[in-house]
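Good morning, and thank you for the time on the agenda. I would ask you to look at the sequence and the structure on the screen while I go through them.

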Amino acid sequence: MAAGRRGSGASAPAEAGAGSGLQASRTAAGGAVAVATCDGAASENWTVGANSHVVASGGRCLAVATGGTASVLRTCNNASADQRWTLLSNGQLRGTALTCLTFTGSSVSTMACGSDTSQPLYSPPASQRWAR
């Protein structure tokens with residue numbers, strides 16, 4: 001992902017730090033999204049589209065699962081609010097209702113967007129920082 005650019009159209013790994021990144025477990029709708037060690041696989045490449053979609057290499061969109069916390073792949077749908085994301089310049093990937101894509105270990109979910117008050121300019125916590 002191109003950090004800080006909405007609608008960049010560039011496909012790139014979404015890194016979660018320490019050689020790990022956001023990966024789709026499979027390209028079918030309903031496929032899980034997790035954090036795993038980066039190995040150059042196509043499942044690590046994501047595109048931030050101008051329509052606020054984050055699209056996996058298989059053409060499915062990053063979405064919030066039913067229940068509101070887990071992240072999954074779904075068929076892209078412009079009318080679906082659970083597929084709208086904004087990649088902020090600070091590395092946070094913000095969804096609807098002031099939630100951000102968050103990782104804990106290999107699990108990826110959405111949680112309230114936070115800030116690390118021990119850092120200058122209240123940077124996002126490491127668990128909510130996505131980079132390229």
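About 6300 Å² of the chain is exposed, and carbon and sulfur atoms account for 52% of that area. Please keep in mind throughout that this is a predicted model.

Let me begin with the overall layout. The chain contains 12 strands and zero helices, so that its pattern, read along the sequence, is β-β-β-β-β-β-β-β-β-β-β-β. It has 132 residues, of which 36% count as buried. If we take the contacts between residues at least 6 apart in sequence, 45% of them join residues at least 24 apart.

I turn next to strand 3, which spans residues 20-24. How many of the residues of strand 3 are buried? Five of its five residues are, and the strand is mostly covered. Strand 3 pairs with strand 4, residues 33-37, in the antiparallel sense, and five bridges connect the two. Within that pairing, Leu22 has Val35 of strand 4 as its bridge partner.

Ala24 also belongs to strand 3. Why does Ala24 count as buried? Its relative accessibility is 11%, and buried means under 20%. Setting aside neighbours within four places in sequence, Ala24 contacts Ala32, Ser43, Trp46 and Leu73. The C-alpha atoms of Ala24 and Val72 are 8.1 Å apart, although 48 residues separate the two in sequence.

The next topic is the disulfides, of which the structure holds two. With the bonded cysteines numbered in sequence order, the pairing is 1-2, 3-4.

One disulfide links Cys61 and Cys76, with an S to S distance of 1.9 Å. Because the torsion about its S-S bond is about 100 degrees, this disulfide is right-handed. Cys61 sits in strand 7, residues 61-64, while Cys76 is in the loop between strand 8 (71-74) and strand 9 (86-87), so the bond ties together parts that are 15 residues apart in sequence. Are its two ends buried or exposed? Cys61 is buried, at 0% relative accessibility, whereas Cys76 is partly exposed, at 31%.

The other disulfide is formed by Cys100 and Cys113, whose sulfur atoms lie 2.0 Å apart. Here the torsion about the S-S bond is about 95 degrees, so this disulfide is right-handed. It links distant parts of the chain, with Cys100 in strand 11 and Cys113 in the segment after strand 12 (107-112), 13 residues apart. Cys100 is buried, with a relative accessible area of 0%, and Cys113 is partly exposed, at 23% relative accessibility.

A further cysteine to mention is Cys38, which is partly exposed with a relative accessible area of 29%.

Finally, I return to strand 11, residues 99-104, where Thr102 lies. Thr102 is buried, and its relative accessible area is 3%. Which polar partners does the side chain of Thr102 have? A polar atom of this side chain is 2.9 Å from the backbone oxygen of Cys100. The side chain of Thr102 also makes a polar contact, at 3.1 Å, with the side chain of Gln128. Not counting residues up to four places away in sequence, Thr102 touches Ser107, Val108, Ser109, Thr110, Met111, Ser127 and Gln128.

That concludes my presentation, and I welcome your questions.

Definitions and conventions
Residues numbered from 1 in each chain as written. Predicted model: local features only at pLDDT ≥ 70, side-chain atom pairs only at ≥ 80, totals over all residues. Heavy atoms only, no water. Helix = DSSP H or I, 4+ residues; strand = E, 2+ residues; numbered from the N terminus. Buried < 20%, exposed > 50% of the residue type's maximum accessible area, 1.4 Å probe, protein only. Contact = heavy atoms within 4.5 Å. Areas by Shrake-Rupley, 256 points an atom, 1.4 Å probe, with all protein chains shown as cover. Pairing = 2+ DSSP bridges. Polar contact = N/O pair within 3.5 Å; in protein donor to acceptor, adjacent residues only side chain to side chain. Disulfide = S-S within 2.5 Å.
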